[in-house]
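Work through these exercises with the sequence and the structure open. Try each task before reading its solution.

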Protein chains: 2
Amino acid sequence: MEEIYVIGVGMTAFGRLLNKDLKTLTREAILSALSDAGLDKDDLQAAFFGNASQGHMEGQQMIRGQIALRAMGIERIPVFNVENACASGSSAFALAVAQLRAGQADVAVAVGAEKMCSTDKVRMFSVFDSAWDLSQVEENRRNLLRMGEGVEVPEGSCSTRPYSVFMDVYAAMARSHMRRWGTTQRQIAAVSAKNHAHSMHNPRSQYRKAYTVDEVLAAAPIVYPLTLPMCSPVSDGAAAAVLCTGAALERLNVDRRRAVCVRASVVQSGSDRSEEDYELHCTALAAKRAYEAAGLGPEDVSVAEVHDATAIGEIIQIENLGFCAFGEAGAVSERGETRVGGRIPVNPSGGLESKGHPVGATGIGQIFELVAQLRGEAGARQVDGARVALAENGGGLHGIEEAAAVITILSR
Amino acid sequence: MEEIYVIGVGMTAFGRLLNKDLKTLTREAILSALSDAGLDKDDLQAAFFGNASQGHMEGQQMIRGQIALRAMGIERIPVFNVENACASGSSAFALAVAQLRAGQADVAVAVGAEKMCSTDKVRMFSVFDSAWDLSQVEENRRNLLRMGEGVEVPEGSCSTRPYSVFMDVYAAMARSHMRRWGTTQRQIAAVSAKNHAHSMHNPRSQYRKAYTVDEVLAAAPIVYPLTLPMCSPVSDGAAAAVLCTGAALERLNVDRRRAVCVRASVVQSGSDRSEEDYELHCTALAAKRAYEAAGLGPEDVSVAEVHDATAIGEIIQIENLGFCAFGEAGAVSERGETRVGGRIPVNPSGGLESKGHPVGATGIGQIFELVAQLRGEAGARQVDGARVALAENGGGLHGIEEAAAVITILSR
C-alpha cells in the first residue's frame, strides 16, 4: 500500500468573522498550507472541498469548491465537493487519501471551509436541522426525549433563546450517560474547563478565556446539563491540508522531516442500534477499523483531537476510542488524565468548545493541530514526545448515531 | 494498477415522478443494480451519493445519502455525499473507482438520485442559478451576452415563461458556435431529432416521441436558436452502479461475462479561458487525459453518451471528444454519423434531451446505458459490436466552461 503524507497544513483563526467571505477564508487556509509545504498552487493536482452550510446560508450549492478555488486561481484540476455535515472536512481528507493511493494524483489538497455566523439567528441555527432526516422530525424528537428520560431537569436549567437542535441532542445523550453510568454534571464541566484552559495557548482559537469547573457550572444554561461553555459556538473558518504520495515526497523539494504519515483514514456511518450497544457505536467500529489499518491500539496514541461539539461528546467519544472503559470517561476527565501533561491528552487545541466549530472546517482543523503536535511545533500546548495522533470527527445524526464517524490516525 | 469493474447497473424510469420521493427512487435504482449484479445490499462496503438539488428543493442538506440509504437498510458503511452540479453522479462514480483502487473497499455503489419536478416553477428553475457563482450574477450575464453577440435573433424566438438559466447559457454558446463555424439551427435540430428517435426504443426515457427536423424547428421557442425539443426537461430519477475490484470479481459469485471494465474515470474543472481556445476546453483536456489513461483514442470508441442538456451541447462536446474536428459537428450530425448505425453513435439512450435530466442521476444514467450497450443488452437501440464506450458528463459553469467535466471510458 502506497504511503500517504501530510506535507503542509494551514488554518485561519476560527471565530465570528463577518467581514470575511468563504473565498477569503479558503484562500487563507490553502495559501498557508502551501507555504507550510513549500509548494505553489500549481503543484496541486486535485482538490477535495468540504462544506456543509453554504447552500443553506447563502443559497450557493452545486460547485462551491470550484467557485472558492477559482477565486484564488486554482483551475483545471479535479474538484470534488464533499458534504457530510460536521464531518465534511475529514470526509474530504479521506477522499483525498484514497485518490492519492489510487494513483489518480500525487499531490492533493483537502480543504474545509465554513461561514455560519449571521445576524439572522433563526437562519443560523436552523442549518443544523438538516443534519437530521427532515422528513422524520417528529420521530427524531420522540427518540430524543426517550433517550434523555429518567434524569431530573432542574428548573431554569434550559434556555429559551434559539440554539442548535444538536444541543438538545447532546443534552439528551448527556442525561442518558448520567443515568446509565452515574456521570455527573461536574465531570462534564471538567471537560469544558480543561478545553478552555488548553485554548489559552492557541492563537487561532475563537475563545481564549479560562474557566474553573465552578464557573462552567454557574454559566448560562443551554439545555440541562449543558451550560454555555460546554457547547461549541457557531463559527466561521477554514483549514487545509496538502497531501502527497511517497513518490511525490521524493520528487518534491519539501522538508521530509516535517512530513507526517497517514496511518489510517476511516469513514463509517451509523445505524438504528439500541443505545445500549455501546461497543457497536459507529465511532467505536470506525476506531476499531482505523486501529487495525494502522497496526496500532488506543494505548499507542500520544494525543487526540475529539469531536466535542459539546463536552459530553468528548466523554462519549473517548470511550468509543478506547482511551478508557465505557462509563469511566467522566471520572477520567475529572482526574485530569486528558489534560496536556496527563495520560492521554485530548483536544490540546481547545477543541470545538473553545477553538470553535465551523463545521466543514472542523475535521481539517483537527488535523492541523495534530500535525503541529507531531512536529513538535505546538508551543505552550505541546504534548511532549507526541508520536501517534488520532482525530475523531462526527457528522449528522442517523437514528441516534453519527451519520458519519471519521477517524484519522497520523504518525511521525 | 488494480482493474475496476462495473458488475451491476440499475435505473428508474426518468420523468416527472411527483409521487416518488428521493428515498424511493434511490431504493429502486440500488436494488435494481444489486439484482443485476446478483449481490445483496450487505455486500456493499462503501457508497458514493450524487445529488445536486435536495438542499434547494427540500431543505435537506448535509447527509442526504445516509438518509436515503438508511431508509433501505444500508447502514454502517462509509457514505460520501458528492455534489458537482449536473456532474454529481459521474463524480460519485469517479470517487468510487478511486476508493476501490486505493484498497479501502472492494465492492462499492455509486448512486445518483434527484427530485427536481415541482408545481412551484420558480423554485424548480432557480435551482440552476446556484450552479454558477451567485456572487457574480451580473458578470455572468455580461459574459453570456458577449458570447452570443453577432447572430441575429429573430423576433418571437425567445420564450417569456420561466426556464433554467442554462438555456440562456446554451443559447449563447449556440450563437457563438453559429458565428464561429457557420453551424445552422437546422443542424442543431438534427441532433435533437436523432436523440428523440433513439428514445423511442428506451423504456426508461421521459419522452418517447419522434420529431422530424422540421418539427423540431417549428416547436415552441425557448431561447434562439433553441426550441423546446432541443432542451432537456426537468426530471426526477435515480441510477446506480455497483463496482468491484478484480480480486472481488474472483471472490464474488457474479457472472464475469457481464462485467464491464473501467478503463478511465477522469474529472477536470474549467478555467477562465478565452472562448476561442477550443483545444483547451476542459472537456477536451479531460478527454485527452482519459484516452491516455485508457490507452485508446476517439477512433476506438464504439458508442458514447454525451451531455446534451441541449442539442448544442452534443455538438460542442463531440468536437471536444475528438469524434470530429472542431467546427464540423453540425455537419456530422446532419449527415447522420451519430445515429445508431452511423459512424459514431451518440446518445443511443435518447440523451438528456429525451431520456430526461435528473441532474445528480444523469452521469450514472449514462453509465447504465453504456453497460447495457457493451453487454449487447440494449435491444432495438443496440450498437452492433460495441466494445469501447465513453460517457461525458458536465456540471456547473466556471467562467464559461464546465466547472466539472467528467469522462468515463468502459470496455468489454
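**Exercise 1. The shared surface**

Through which surface do the copies meet, judged by the interface residues of chain B and chain A?

*Solution.* The model is predicted. Start with the overlap. Of the interface residues of chain B, 100% are also interface residues in chain A, so the copies meet through the same surface. Next, count the two sides. Chain B gives 48 residues to the contact, and chain A gives 48 residues. Then look for the elements on the chain B side. Those that supply two or more residues include α3 (64-70), α4 (88-101), α11 (282-294) and β10 (388-398) of chain B. Finally, sort this side by residue type. It holds 21 nonpolar, 20 polar and seven charged residues.

**Exercise 2. Relating the copies**

Find the rotation and the shift that superpose chain B on chain A, and name the axis.

*Solution.* The rotation is 180°. The shift along the axis is 0.0 Å, and the RMSD is 0.0 Å. That is the relation of a two-fold axis.

**Exercise 3. A strand pair across the interface**

In which sense do strand β3 of chain A and β3(B) pair, and over how many bridges?

*Solution.* Locate the strand in chain A at residues 79-83. Its pairing with β3(B) is antiparallel and runs over three bridges. Now pick one bridge. A:Glu83 has B:Asn81 in β3(B) as its bridge partner. On the chain B side, β3 (79-83) is also among the elements that give two or more residues to the contact with chain A.

**Exercise 4. The fold of one chain**

Describe chain A by its elements, its dimensions and its burial.

*Solution.* Count the elements: chain A has 15 helices and eleven strands. Compare its radius of gyration, 20 Å, with the 22 Å that the globule rule gives for 412 residues. The two values are close, so chain A is as compact as a globular protein of that length. Along the principal axes, its C-alpha atoms fill a box of roughly 60 × 45 × 40 Å. Burial comes next. Of the 412 residues in chain A, 65% are buried. Last, check how far apart in sequence the contacts reach. Take the contacts in chain A between residues at least 6 apart; 79% of them join residues at least 24 apart.

**Exercise 5. Two domains**

Give the bounds of the domains in chain A, then describe how they touch.

*Solution.* Domain 1 covers 4-118 + 235-262, and domain 2 covers 127-232 + 264-411. Their centres, taken over C-alpha atoms, are 24 Å apart. In the contact, 40 residues of domain 1 of chain A meet 36 residues of domain 2 of chain A. Elements that each supply at least two residues of the domain 1 side include β1 (4-11), β4 (107-114) and β7 (237-245) of chain A. The largest share of this side, seven residues, comes from α4(A). By type, the domain 1 side divides into 24 nonpolar, 13 polar and three charged residues.

**Exercise 6. The partners of β7(A)**

Place β7(A) among its partner strands and state whether its residues are mostly buried or exposed.

*Solution.* Begin with β1(A). Seven bridges join β1(A) to β7(A), and the two run antiparallel. In this pair, A:Gly10 has A:Ala240 as its bridge partner. Move on to β4(A). It pairs with β7(A) in the antiparallel sense, over eight bridges. Here A:Ala113 stands opposite A:Ala238 in β7(A). As for burial, eight of the nine residues of β7(A) are buried.

**Exercise 7. Unusual backbone geometry**

Locate the cis peptide bonds at A:Pro225 and B:Pro225, then examine phi at A:Met62 and B:Ala85.

*Solution.* First, recall the background. Most residues other than glycine have a negative phi, and most peptide bonds are trans.

- The bond from A:Tyr224 to A:Pro225 is cis, with omega near 5°. A:Pro225 lies in the loop between β5 (221-223) and β6 (226-227) of chain A.
- B:Tyr224 and B:Pro225 are joined by a cis bond, with omega about 10°. B:Pro225 sits in the loop between β5 (221-223) and β6 (226-227) of chain B.
- A:Met62 is not a glycine, yet its phi is positive, about 75°. It belongs to the loop between α2 (54-58) and α3 (64-70) of chain A. With 34 C-beta neighbours inside 10 Å, A:Met62 counts as buried.
- B:Ala85 also has a positive phi, about 55°. Its loop connects β3 and α4 of chain B. B:Ala85 has 29 C-beta neighbours inside 10 Å, so it counts as buried.

Technical notes:
Residues are numbered from 1 along each chain as its sequence is written. Chains are lettered from A and ligands numbered from 1 in the order in which they are written. This is a predicted model: local features need pLDDT of at least 70, side-chain atom pairs count only at pLDDT 80 or more; totals for chains, interfaces and linings use all residues. Two residues are in contact if their C-beta atoms, placed from the backbone, lie within 7 Å. Helices (H or I, at least four residues) and strands (E, at least two) are DSSP runs, numbered from the N terminus. Ala, Val, Leu, Ile, Met, Phe, Trp, Tyr, Cys and Pro count as nonpolar, Asp, Glu, Lys and Arg as charged, and the others, Gly among them, as polar. Two strands pair if DSSP finds at least two bridges between them. Copies are superposed by least squares on the C-alpha atoms of residues with pLDDT of at least 70 in both. The radius of gyration is taken over C-alpha atoms; the globule rule is 2.2 Å times the number of residues to the power 0.38. A residue is buried if 20 or more other C-beta atoms lie within 10 Å of its own, exposed if 12 or fewer, and partly exposed in between; C-beta atoms are placed from the backbone. Domain bounds come from an automatic or database domain assignment.
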